[in-house]
Amino acid sequence: MFSGFDIIIPVLVVLVLLVIFTGIKTIPQGYNYTVERFGRYTRTLTPGLNLIVPFVDRVGAKMNMMEQVLDVPTQEIITKDNAIVSVDGVAFYQVLNAPQAAYQVAGLQNAILNLTMTNIRTVMGSMDLDELLSNRDTINERLLRVVDEAAHPWGIKVTRVEIKDINPPANLVESMGRQMMAERNKRAQILEAEGLKQSQILEAEGRREAAFRDAEARERSAEAEARATTVVSEAIAKGDVQAINYFVAQKYTEALAKIGSAPNSKVVLMPIEASSLIGSLGGIGAIAKEVFRTEGTAGAQRQVSRPPLVRPDENQ
């Protein structure tokens, strides 16, 4: 039969084991537990094996220290130009200080959600619809800065705030499509006009260059003609009859070539004496002979033979 001492020893062992197990706390990775003594925060338990005073200390809040995602539900927003759009988003946050997140705000996720939704309405409501649709990165940056600053006293860090969808009304989307089409047509017409303008400018520059070159050619031709006339005039002034014959024969030959090349001329009848033309050509031959005679070098001179000049009869 068991005595009273035999019963007390097992009970004491059980109580000791119960106290030990009550004071041992195992914290999983990614979590922090707060410890309260008689309802007051004393310290924070980090991941691993921790000991607390049994029946005096107790675990208060179990805070998730990993980065968490929070869906922002769809809400309607009135923009600065009175357009109504539906917007939803997502927010990412991480608890950095477990005691502040546990005791500075009641309902941490609900507080972050309402804070984000309020600031979305504030930031996007201060912008026009065109800015809203084209400056999403700017909106995200402003939201992140404002929400993170407001949530800092709660011991959390808002890492990202992203706007997922911006949905204008259907009639507004249709109007925007027509506006975009009109803008594209306008830009196409402007580009076409610019191309036509450049083409006309290049064509005008080409005509100007051609006219300049034609004028330069005529100027050089006139200079050559004037130089030839000057040479002939000097020869005439010196009494050289052969130069006169050469000049007259040249002009005479050019006139005949122009008459013969006319498209509407088939038969040409002119009272022209052949002996006069032959006499002029004889003058040309005399000039050529004189030129070759004066070009002799220190060697032997070459004799230039020419046909006898045929002079027109003065009585004819």
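Two strands count as paired when DSSP finds at least two bridges between them. Keep that in mind as you work through these exercises on a predicted model.

**Exercise 1. In which order do the 3 strands of the open sheet stand, and which of them are at the edges?**

Step 1: Start with the order. The open sheet runs β6-β7-β8, and its pairing is antiparallel.

Step 2: Look for strands with a single partner. These are β6 (68–78) and β8 (156–167), so each has one side without a neighbour in the sheet.

Step 3: Add the geometry. On average, neighbouring strands here are turned by 20 degrees against each other, direction ignored.

Step 4: Zoom in on one pairing. Strand β7 (residues 84–95) joins β8 in the antiparallel sense over 10 bridges. For D88, the bridge partner in β8 is D165.

**Exercise 2. Find the helix that lies across β6, β7 and β8, and work out what it gives to the largest nonpolar core.**

Step 1: The helix is α3 (residues 108–125), which runs at about 35 degrees to β6.

Step 2: Now turn to the core. The largest one has 37 residues, and L108, M124 and W154 have the most contacts inside it.

Step 3: Check the contributors. Elements giving two or more residues include β5 (57–64), α4 (129–134) and α5 (136–151). Helix α3 gives the most, with 9 residues.

Step 4: Follow L108 outward. Beyond its neighbours within four places in sequence, L108 is in contact with M63, Y93, V95, A101, W154 and I156.

Step 5: Do not stop at one core. A second, separate core has 6 residues, among them I27, Y33, L45 and V59.

**Exercise 3. Classify the aromatic pair that a search of the whole structure finds.**

Step 1: The search gives 1 aromatic pair. Its partners are Y41 and Y103, with 5.8 Å centre to centre and 55 degrees between the planes.

Step 2: Apply the cut-offs. Stacked needs planes under 30 degrees apart and edge-to-face needs over 60, with the rest counted as tilted. The Y41 and Y103 pair is therefore tilted.

Step 3: Place the partners. Y41 is in strand β3 (residues 40–45) and Y103 in helix α2 (residues 98–103), so the pair links distant parts of the chain, 62 residues apart.

Step 4: Judge the exposure. Y41 is partly exposed, with a relative accessible area of 31%, and Y103 is also partly exposed, at 37%.

**Exercise 4. Where do F38 and N82 lie, and are they buried or exposed?**

Step 1: Locate them. F38 is in the loop between β2 (31–37) and β3, while N82 is in the loop between β6 and β7.

Step 2: Read the backbone. Neither is a glycine, yet phi is positive: about 55 degrees for F38 and near 65 degrees for N82.

Step 3: Compare with the cut-off, which is over 50% for exposed. F38 has 71% relative accessibility, so it counts as exposed. N82 counts as exposed because its value is 66%.

**Exercise 5. Which residues does L144 touch, not counting those up to four places away in sequence?**

Step 1: L144 lies in helix α5 and is partly exposed, with a relative accessible area of 26%.

Step 2: The residues touched are V158, T159, R160 and V161. L144 and V161 are 17 residues apart in sequence, but 5.4 Å apart in space, C-alpha to C-alpha.

Step 3: Take one more look at R160. Its charged end sits over the ring of F92, 4.2 Å from the ring centre.

Technical notes
Residues are numbered from 1 along each chain as its sequence is written. This is a predicted model: local features need pLDDT of at least 70, side-chain atom pairs count only at pLDDT 80 or more; totals for chains, interfaces and linings use all residues. Side-chain values use heavy atoms; hydrogens and water are left out. Rings of Phe, Tyr and Trp (its six-membered ring) pair if their centres lie within 6.5 Å; planes under 30 degrees apart count as stacked, over 60 as edge-to-face and the rest as tilted. Helices (H or I, at least four residues) and strands (E, at least two) are DSSP runs, numbered from the N terminus. Buried means under 20% relative accessible area, exposed over 50%, partly exposed in between (1.4 Å probe, protein chains only). A charge sits over a ring if NZ of Lys or CZ of Arg is within 6 Å of the ring centre and within 35 degrees of the ring normal. Axes are lines fitted to C-alpha atoms, for helices over the stretch in contact, and angles run from 0 to 180 degrees between N-to-C directions. Contact means heavy atoms within 4.5 Å. A nonpolar core is a set of buried Ala, Val, Leu, Ile, Met, Phe, Trp, Tyr and Cys residues joined through side-chain atoms within 4.5 Å.
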